Structures are given as C-alpha cells and as structure tokens.
Amino acid sequence: MRTQNATAYRFLTPYLLIFAIFWIWPIISSFIISFQATRTVPWRFAPTFNWGRLIGDPAFYNALKNTLLILVIQVPVMIALAIVMAVLLNSPLLKARGLYRFAFFAPVVVGEVAYSAVFRLMFSLDFGIVNKLLESVGLAKIDWFSNVTPAMALIMIAVTWRWAGYNAIIILAGLQSIPEDVYEAATLDRVSKLRQFFYITLPLLKPVIVFCAVLSIIGTMQLFTEPFLITERGGPGGGTETLGLLLYRQGFRSLNFGYASAVAYTMAGLAIAITLVQLWLMREPK
Amino acid sequence: MAAVTLTNVVKRFGIFEVVHGANIDIADGEFVVFVGPSGCGKSTLLRMIAGLEDISGGDIAIGGKVINDVEPADRGIAMVFQSYALYPHMTVEQNLSFGLRMNGNPKADTERRVKRAAEILRIDELMQRRPKQLSGGQRQRVAIGRAIVREPQVFLFDEPLSNLDAELRVQMRVEISRLHKELGVTMIYVTHDQTEAMTLADRIVVLKAGNVEQIGAPLDLYDDPANRFVAGFIGSPKMNFLSAKVVETTNSAAIIELAHHGGARLRKPLCETFPALGAEVVLGVRPEHFFEAGEGDCDIPVKADVAEHLGSVSYVYANAGPEELIVEREASRQRASGDHFTVSIKTERALLFDKAGARIR
C-alpha cells in the first residue's frame, strides 16, 4: 500500500510542484508582502504600514462602496433574471430550445475585450444604439460614461448581460431535476402555477440558487474587466472603481505590491465572509 | 363517494392511439384494479380520470357528471403516485396540509383532517420529519395520507407499491385493503402485478395494448377467462398452453388431439363457436389442474426439469416434448431434475382457445 502511494505521489509531483510555486507560494508571499513597506528599497517589515493605510484610505472605501453597490444590486437582479430565463427555457411551449440555450450561454464565450468594445459603441453618447432607442421613444439621451450613476448602471447591465445566461443554464439543470409528479400532485391540490413556482420550484431550487449566488459574489468581489475596459479604468473620476481595479492600480501602475496585497486579502476575506453569511442565512432547517 | 363511468374513451399521442375506446363502469364504493403489461394504457387511463392527460375521445363521468373539461382539482379525486410525489422540502405535516392551506381551508378543519389521516395511517410520530428521513413504506403512507385529507370521492392509485420491497408490499397491500373498508370510498388502482390485482380488487379490468380484454371479479377471471391473454395473465404461475387439433366431431362432441404428446386425446362438448374439423386449437391447463396418472381423461408423460419447493406446494417445471409445462404438486417435493412421471388432464378443467386466442365454450 505504501509503495502504491509513493508511486502515486511521484506521478503527482510535477503538478504539485507547479501548484506550490505558482499558487501556494504567491498566497503566502502576498500575505507576507502585505506587512511590508514596498515603496522603499529595500522593502522593510512594517506590520501596520499597509493595513493602517487601508483603514484610512478614501480610495479603498470608494472602491469598496462601488463593489458592494454592484454586489447588492446586480447579483440579485441577475439571479432573478436567470431564474426567469431558466423557467422560460424549461417551458414545453418553447420551440427551438437548443438555439435559445446557446444564445443565453454565448455571452460567456465572447472575448472580454470584444464585448467591452461593443458595449462602448452601443452606449456611446452620440452614435450608440441605446441612446438612439431612448430618443426614438421621446426620452433624453444619457451620457453613460461621464456621470457616475449611469456609468455604474452600465457596469451592472454589462455584467448581467454576460453572466445571466450562464447562471440560467445552471438553474435550468436544477429545474430539470425536480420531478414532474410533484407538480402534478400540486395541480391536483388546486395550487396555481404561480404558487407552485413560489412554494415548490423556488424552495427546491434553493441549493442551486445559493451555488449561483456564491459564484456571483466571488466574481463581483473580483470585478475588473468591465470597469477597466468599458468605463475606462473606473471612470468617471473613480466613480466605477472596484476593489479589483484598485488592486491593479496599486500593484501594477504604482508598483505598490504591499498595499495591493493588503487589498487582495481584504477582497478574499470579504468574499468569504459574505458567502458564509449567505450560506448561514440559506441553510437547510434540521 | 361516487361511481365512475368511462364511455368509449380514446387517447391519442399525436398519431398514435394508445387507448382504443375503453368502456368501464365502476360502482360507488367499489375497488377496481386496472392490470396489464407495460404499455397497455392502464396508467394513461388513470391519468385521464385524474385530469392529468387530455381525453382524445369519449366521456369520463364521476358521480354522473361528465368531467372531460373539468379541472383536475375539481373532479373530486385524489391520487397516490408511484414515486410518492411528496414535497421534499416540507415536513410530513406540511405535506398533508399543503393543498388545504393553499386553498384557504379553515385552520381548524385542516388540523382535524390532518390528525384524522395521521391516525388512520399511524404516522402521528412522523409529523415533523421530512420525506428523506422516512422509509419507503412511511413515505407511501404519507402519500396516501395526502390523498385522505382531500376527502375525495374517488381515490386513484398509480402503481403505489412498486418501489417497495416484497415484505413491505404485502404489508401495504393489507393496509390499502383495510383503508378501503374503513373509508368505503371508490378506489381505482393501477398495477402490473396480478397478485396485487387478485388480492385487492372487487373487480379487475384486464388491459392489453389499449384494449379492455375483460372485466370481472378476480376469481371469475381466474376460472373463466375470456381469452388466452387473460388466462395467461391472471394466475401465478401462469396457465399452461398445449397445442392441439380438432381431429373428429360427432353430433354433441369433438375430439381434440394434443400435438406433441403421442396422440393423447380429449373429448370436449360441441358449441356454436367450435372450430371446424382439422382446425388448430390451444388447450389451457392451470398448474394445479394436472392430476395423478389415470385420474383424468388424458395422460401425458413428462420429464422434470426444475422443481421449486415453496413449502405448502411445489412447482415442477417439466418438459413434455417441445412444450414446457408447470405442474403444481403437493407430493412433488420428492421430484428431482430428470425424473419421469405422468400427469393427467380432466376435460372439465381444461379450457379451449382458438388459434387467435378467443375462448371456445
């Protein structure tokens, strides 16, 4: 048995080495770096330098506020939309189901840069189709990129467009695992379709919804692409800067690795804390 | 309580007709079992009565009122599903009361009905458990309880015992029978298990490929089947069928010669439907209707192949020429593979079928 294990570990060694060098070590290293002043040469150990700055940094609180705002508004809206999409995809009345399934999932496989460029064009002040549509129904056009509120809305719309279909496909799998005869029993019990949805479908989908919500929370805490590419590095004036973007700015623009590491650990800690709270709130009763 | 009447009921799925004009009268308070092999349309018929499948043709009436276009919940029925169909996220109590609560039934009445169902089914102790914390038998009791709280005119059971092990199945069978006596309500029960059908039913409806083959009391079907299919389906072990030929006719009788048993002959009284001289027929003999050599009207030598000893009786699977026969013998516990012995058939205990399977009588 011991020989068998040794052989297995020898086969695993190349992977374990790569894992240790490129995953484990950076995790440990960044934790150590977060306690170092890295704007001096050489770096010196200063336990409160980065963490102290983080606590009093308005840029951090701005990024935290933006990230949490997106999380609180976008994630629930996207999950709700994904549930609706999944229910529609599951409808026996729907024709060309495969085509819709592909169409809903397609945004995930579209390149981030390409989709960001298209969104910038669509929401352009003078040439974008969105403003043309708003004007065609008598509404004033919106300067999506120069004002904070529309810019935040644009980020949320973009993220929702990209990930709602992905979540819908996961929820669809959950929907299809609910046995049909449970609904038949409810029909015989004179429970309306709407009540069946709220009293049977949603409770039975809870584990899948929690799974999607946890994935989305982790994703939103790391949100980077959309504010970087669509609203041009968290513009206007840092109005859409997220924690991910702050980390990038500190680490790779200002080369302040110590502070960037402290931000990274804060992001991870927050994601874990929010996820734990959510898992606790959605726990199965004993 | 209510009678249920099916008149020329047809079911089509697209171009495929799966039920071909079923006519069935079920009396108030009767326990009727639909039985037949897989795909015979028995569950489809039940689901049409429940309103879970549309009716393509004909009428279904409950309590004298045609319910073809009535919503399932308004038909006065309750259904117990094969897979129990319990709400997995609710406790037993919530499962029982869910339908009533959703329909705004007064709380006191809901509690009374749930308590009564729990008492009838002896599930009082399980009320706060969830379905996954219950055994198969307990889940089935809860499913039946959910039907009871609706206080329906008609209970529908769709193969409710097929997910249970053999011992539990016998126990639940007795409980369902007791429940019928206690509630006195009309029950329609679907199964492919003819033992369940025989033990539970006041009357059995035998179905084959969407057609009603015969309707009757269990022992009537056993003793007097309308055709070869019913004769073969009802009874376990199944009836033996022996190829034969009409070789001689007189004014009052015909002589039948068994095809593979050295010219063994039987004399059967003539009737209007008797086939002509030379016609091929099939003789049906139940395992318990083979007698000791010389006791009947025609002896057949057989060779024992396998013997199943069940204690009170034994079944010998024997070869008689190219035909395999199942013989019930009290004394056969001595029989071993390869033994040669002779069985005898009595004319009055042998049923005759024409080549198409219709009964000749």
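For these notes, helices (H or I, at least four residues) and strands (E, at least two) are DSSP runs, numbered from the N terminus, and I call two strands paired if DSSP finds at least two bridges between them.

I am working on a predicted model, where local features need pLDDT of at least 70, side-chain atom pairs count only at pLDDT 80 or more, and totals for chains, interfaces and linings use all residues. Residues are numbered from 1 along each chain as its sequence is written, chains are lettered from A and ligands numbered from 1 in the order in which they are written, and side-chain values use heavy atoms, with hydrogens and water left out.

**Entry 1: hairpins in chain B**

I started at the turn between strand 17 (residues 314-320) and strand 18 (residues 323-329) of chain B. These two strands form a hairpin with 2 residues between them, and B:Gly321 in the turn has a positive phi of about 65 degrees. Their pairing is antiparallel, over 7 bridges, and I found B:Val316 opposite B:Val327 of strand 18.

Going the other way, I looked at strand 16 (residues 298-309) of chain B, which runs antiparallel to strand 17 and is joined to it by 6 bridges. That is a hairpin too, with 4 residues between the strands; B:Gly311 in its turn has a positive phi of about 105 degrees. Here B:Ala304 faces B:Ala318 of strand 17.

I then checked burial (buried is under 20% relative accessible area, exposed over 50%, partly exposed in between; 1.4 Å probe, protein chains only). In strand 17 of chain B, 6 of the 7 residues are buried, so the rest of the structure largely encloses this strand.

**Entry 2: the open sheet of chain B**

I traced an open sheet of 6 strands in chain B, order 6-7-8-3-9-10, with mixed pairing. Its edges are strand 6 (77-80) and strand 10, each of which pairs on one side only. The twist averages 15 degrees from one strand to the next; axes are lines fitted to C-alpha atoms, for helices over the stretch in contact, and angles run from 0 to 180 degrees between N-to-C directions.

At the strand 6 edge, 4 bridges tie strand 6 to strand 7 (residues 154-158) of chain B in the parallel sense. I noted B:Met79 opposite B:Leu156 of strand 7. Helix 4 of chain B lies across both strands, at about 175 degrees to strand 6.

**Entry 3: a helix pair in chain A**

Next I took helix 9 (residues 193-221) and helix 12 (residues 257-281) of chain A, which pack at about 160 degrees with their axes 9 Å apart. They are therefore roughly antiparallel (that means over 145 degrees). I looked up the contact (heavy atoms within 4.5 Å): from helix 9 the residues include A:Val210, A:Ile217 and A:Met221, and from helix 12 they include A:Met267, A:Ile274 and A:Gln278. The contact residues divide into 11 nonpolar, 2 polar and no charged (Ala, Val, Leu, Ile, Met, Phe, Trp, Tyr, Cys and Pro are nonpolar, Asp, Glu, Lys and Arg charged, the others, Gly among them, polar).

**Entry 4: backbone oddities**

I found a cis peptide bond from A:Val41 to A:Pro42, omega near -5 degrees; A:Pro42 sits in the loop between strands 1 and 2 of chain A. Another cis bond joins B:Ser236 and B:Pro237, omega about 0 degrees.

B:Ala209 is not a glycine, yet its phi is positive, about 50 degrees. I placed B:Ala209 in the loop between strand 9 (203-208) and strand 10 (211-216) of chain B; at 48% relative accessibility it counts as partly exposed.

Note on methods. Parallel < 35°, antiparallel > 145°, perpendicular 65-115°, else oblique.
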